[in-house]
Amino acid sequence: MTKENNGKSSVEQIGYTRNENHETVRFSSVSSGSPNHLQHQSGCLNLPQLFERTGSWWPSPRFDSDILEKAQWNTYFPQTRRRFQYALFYMLAACLVWTLYFGLTKAHSYHWPNFLIGTLVLLCLICVVLGFTYTRYYQKFYLLTSIVVSILICSGILATVQAFRASDLSTVGSFTATVEVLLMMYSVIPMPLAATLVIGVIYSVVFEVLTAVQNHYMQAPVFIAGKILLHLCIHLMGIHIFIMRQVRQRSTFWKIGQSAISRQDLKIEREIREKMIHSLMPPSVAAEVMRSRADGGEKEDELTEMQPRKRGSKGKVTPKGQMIFRTFNMNKMVDVSILFADIVGFTKMSSNKTAEVLVGQLNDLFGRFDDLCQKSGCEKISTLGDCYYCVSGCPEPKPDHARCCVEMGLGMIEAIQKFDEENNESVNMRVGVHTGTVLCGIVGTRRFKFDVWSNDVTLANEMESTGQPGRVHISEHTLEFLGDEYEVEPGEEVEDNRSDKKIVEAYDKTTSTYTVKHATWDKKIKTYFIVGRKKKDVPKSETVVVAIDGDVATQSSEHDNLMNDAGKEVGDVNGVSTTAMLVKSHLNNSLNELNHAEASANHSDTIVTQEVKPNDIHVKVKTDSMQDLDREPIDKTWTKFRNINYHSDKQLVRLVEGVKEREMFFKPPINRCMLTFEEDELEENYRDHYMEDQHNQQTISAPKYHSFLEIFVSFFVFAIISAFCFLVFDRQLPWIVFFCISFVLEILNIVRSVLTIKYAENREGSKWIKMINITSAWYFRNILGVVSASIPMAGVFSNFSCQLMDNTQWCDRFFCFCIVVSLLHYTNFTTLSSWMKSIFALLAGATLIVLIAVIKCSPDVADNLDNVTTVSPSVMTTLVYVNSTFINKTELTLLVLPDQDKNYVPLFAGFSILHIEIILDMILLIVLITFLNYESETSYRHNYYGDSQAWKYKQIMQEHKDQADWLLHNILPPHVSEIVRQTSKYSKNHKDVGVIFAAIVNFNDIYDESYEGGREFLRVLNELVSDYEDLLDRPEFKDVEKIKTISSTFMAASGLNEISRAQNQHPHAHLYALMMFCVELHDAIRRFNDSIFNFDFILNIGYNYGEVTAGVIGTTKLLYDIWGDTVNISSRMYSTGVAGRTQVPESTANKLGDKMDFEYRDEISVKGKGMMKTYLFKGVKPGAHWE
């Protein structure tokens, strides 16, 4: 279906794409709340719209989309019907009240049988209509029903005026009934604004004409003008109530739709974050890491206060023996099996391939391994070049951990054989497995990953390096956990690095210091090779795999099942690769996901099935409608997927219909009695921060504009009531003083509202902001609002005097008319407490009743017409009119003087039956006003609730997005992640890249597991690595980035970001910066050694430059790494280096020799390269600079 836009008020720059279902996907270049989006169509005014996605406001406010308009009507129809039913109940109650009134006061009534029969007939008709509203036909004929009811009650009131010249219902009673009918037509009887206006205006005109015909004084121009003003005020308030109700209703629908979309996006963002977490660490470890990141700001502030300078920075040295450690999480796990696997022949395979082909093949091969890892119940740790290692029994214990690793190793060997067949290669796997105790956790603060440390890990690595291609090499400890499942053959004994160590302090005479060393006794362990499974029936065991979403699945760990899956399409535990999820992070917000929103609401943990082929990281979503989106670069769609306008109107409707809490549309979480939110925090925010526009919406529904409109309407009501008082009543001093003061207050209130609009979001002008904060507070706002709402009423009461009431007939009636209209003003200011407004309306009505009951004004009738020359202007105008109408003075006197008019009953001259009628009028009107106030505050609070929910979910979604981005940047450098988003893969050759390996060569000598399993030594390593990483924040090292940490070896490179590299003044600036980074690493080690007693870490650094291949590999765990001879030679430089020095090959020394000094060391043997000349870095040449 094509989305319609009449273009009358929406100037969004919108793009549309069609899917095969002919649905329109809506893309917006700006958000729905942005100022540019809301610019008035004239182009010269920047006026706010009524609500988000507003179309036209005539004949009724509506969305710019027929789909949205129809959906909101269907959604709110139960509420609309309920409100109409309440109106009918109110009419029934009014009919019953008047039936009782005419029945009990028949002695004072001339035509009480007629009134009694009329009210009973009207009561019966309303009962019929009320019953009809409960049928299924009402929704189809709701408009006709509303028109019939409106005409029916209007005709009933007009009949009472026309049928009897001496009506038993006073003009006050008929006018009050008119006000009530008009108020219900605008507020609770569902009709378009045009129909309401037509019926209401016609009714007002006919009513006043009939009233004037029955009452000659009503024909005076001054009274006609006064009645016109009163009806103008009634219709103005009615139109305001009608439009604001429609605006709030549609705005709430839109905001709840945003809330539903935000919840859907939040679900996707949570899945993305979990994918990113799984790329770095097991989910069980992630919670602590994310918690520590959330507290990082506070902890960093505390650290700054305690320690002004970082240890990795230059400055005051921390006193020896004093150390403030960073947050560190490391857990000890026993009975863990560790697998190391190395690709034999990788160097030969990679020698004749381009970067893209090499990374693609590695991604394919490691993807198969990742899949096997998940199937076998292992936890992948990382890859080191062409080495792959994983564990089982960590971080969650597993009873069959040893068998899981053996099955993993056998599966890897068969997987690489299939890889060879498919790619015509000749590589193989060498696998080693050992079982023991590990420390698992995270070291460092950036580009970190979940890792394991212990002597048993080192021994597992030794098992791999001493193994044979195509075979699984296990230790005797692993064999103990395997039982009798596999056939094995003995292998060579391997040195046990876990031999007993005794810590000693060695005294160095040259430095007069003690250093920590270990005295060791060599020991050997037996090893074995797996030959195969024993030929006997082995019970099928099940491996428990903990999925990211927390579901527990069981999978057969039989070898055949693993290998059957190994060659299939690669996916993670949920069938979606991490890379694919990264690239298409918001495709689950697509048509396919939205079309199943209702199903997903019942299955919130369901993840859309997607397919990923080997060598093709693009996601193939099983929805044809996304084909056009797949062709669009991800960098463009990334933002659009997060934009609420992406979702088409029809899809938004489906999401809203899928919301379980659909009752919230007319039953929000509000205390039905006190009208307060059930959540204390939400109520506090509503009271104290309602003026804060969270979305910066330039719409009438936004709090600041909504408040301004109500104040503006209040000013118009005040102006109309004031004009009426000046026109009809005496210009007495109390009224004039009150008017002047009130006029100033109204103007100040408008100025305050304008300043609120100007400065509420723009934090300039502190004095105005302070004023806004004070006047917007809950109690001050209610007091100020009630005062503003009471000004018209107080102005009418200020005109009361016995002199005015005695001057002429009907002034007391007009006084009551004005009071009735002023009571309507209490339905304004929906942001105030409805109970407070209703209480003040009740007090105003009670005040009129008290005045009528208590005040007795004695008529002071003059003997001649000269006595009436001091009356009010209205009376003088009336006299002139009457004098021109009637023939003789006697007839005039009969009309002017109260005691000569038999039909006139003064209201302020003692008790009369009219007093009871006026009391009933006030009670019925105040009940209606109370109901409308209740509904309006409920509606406004519901609108606020929808807005707050949408904001809440968007905030949480943004937090998850930030966490996902933070995790992503810990996997991939920012410049790489952007490319991955655009192309879904990354591999590139870089020339003249600097690579370093900085290794603490004596860490294993110092490392001791006798105390807490070595945990405190890893805490020290965490401090060192974190100090290294702190150096990367310095601007001179902008081209240096960490690659990874390998045990106690820190790997970094420079020149991989070509954009940043091109900004340097010198082409080799990044190489010089990397060398200076090495200098800082040595300084950091020295400062660290000075900070802790008896530690003497030795740092060897190997440096080389040249061409490298950078790429992203992996499916369930992404890894950014670099490969090439440059990396291998750099690694050899540190392993053959000199303690405390940076060693480089001859080519590097020549490259950097123009700025730096090197000393020749010797010609040494380098594995795979033969003899190489090496140099040691001495320092920077005097005067050398490269920036």
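These are my notebook entries on a first look through this predicted model.

**Entry 1: the whole chain.** I began with the overall make-up. I found 38 helices and 26 strands in the protein. Of its 1187 residues, 57% are buried. I then looked up how far along the sequence the contacts reach. Counting contacts between residues at least 6 apart in sequence, 77% join residues at least 24 apart. For the surface, I noted that about 49800 Å² is exposed, with 56% of it supplied by carbon and sulfur atoms.

**Entry 2: how confident is the predictor?** The average pLDDT of the protein is 75, and 71% of the residues score at least 70. Which elements have the lowest and the highest mean pLDDT? I found strand S18 (residues 620-621) at the lowest, 32, and strand S24 (residues 1142-1145) at the highest, 95. I also marked residues 1-45, where the pLDDT is below 50; this stretch still has 117 contacts in the model beyond near neighbours in sequence. Residues 297-323 also have a pLDDT below 50, with 42 contacts beyond near neighbours in sequence. A note to myself: predicted coordinates should not be read in detail where pLDDT is low.

**Entry 3: a patch on the surface.** Next I picked out a nonpolar surface patch of about 780 Å². Its members are Leu 733, Val 737, Ile 741, Phe 743, Val 744, Leu 745, Ile 747, Leu 748 and Val 751. I chose Ile 741 for a closer look and placed Ile 741 in helix H23, which covers residues 733-759. Is Ile 741 buried or exposed? I noted Ile 741 as partly exposed, because its relative accessible area is 49% and exposed would mean over 50%.

Definitions and conventions
Residues numbered from 1 in each chain as written. Predicted model: local features only at pLDDT ≥ 70, side-chain atom pairs only at ≥ 80, totals over all residues. Heavy atoms only, no water. Patch = residues over 30% accessible without salt bridge, like charges linked within 9 Å, V, L, I, M, F, W, Y side chains within 5 Å. Areas by Shrake-Rupley, 256 points an atom, 1.4 Å probe, with all protein chains shown as cover. Salt bridge = Lys/Arg side-chain N within 4 Å of Asp/Glu carboxyl O. Helix = DSSP H or I, 4+ residues; strand = E, 2+ residues; numbered from the N terminus. Buried < 20%, exposed > 50% of the residue type's maximum accessible area, 1.4 Å probe, protein only. pLDDT = per-residue confidence, 0-100. Contact = heavy atoms within 4.5 Å.
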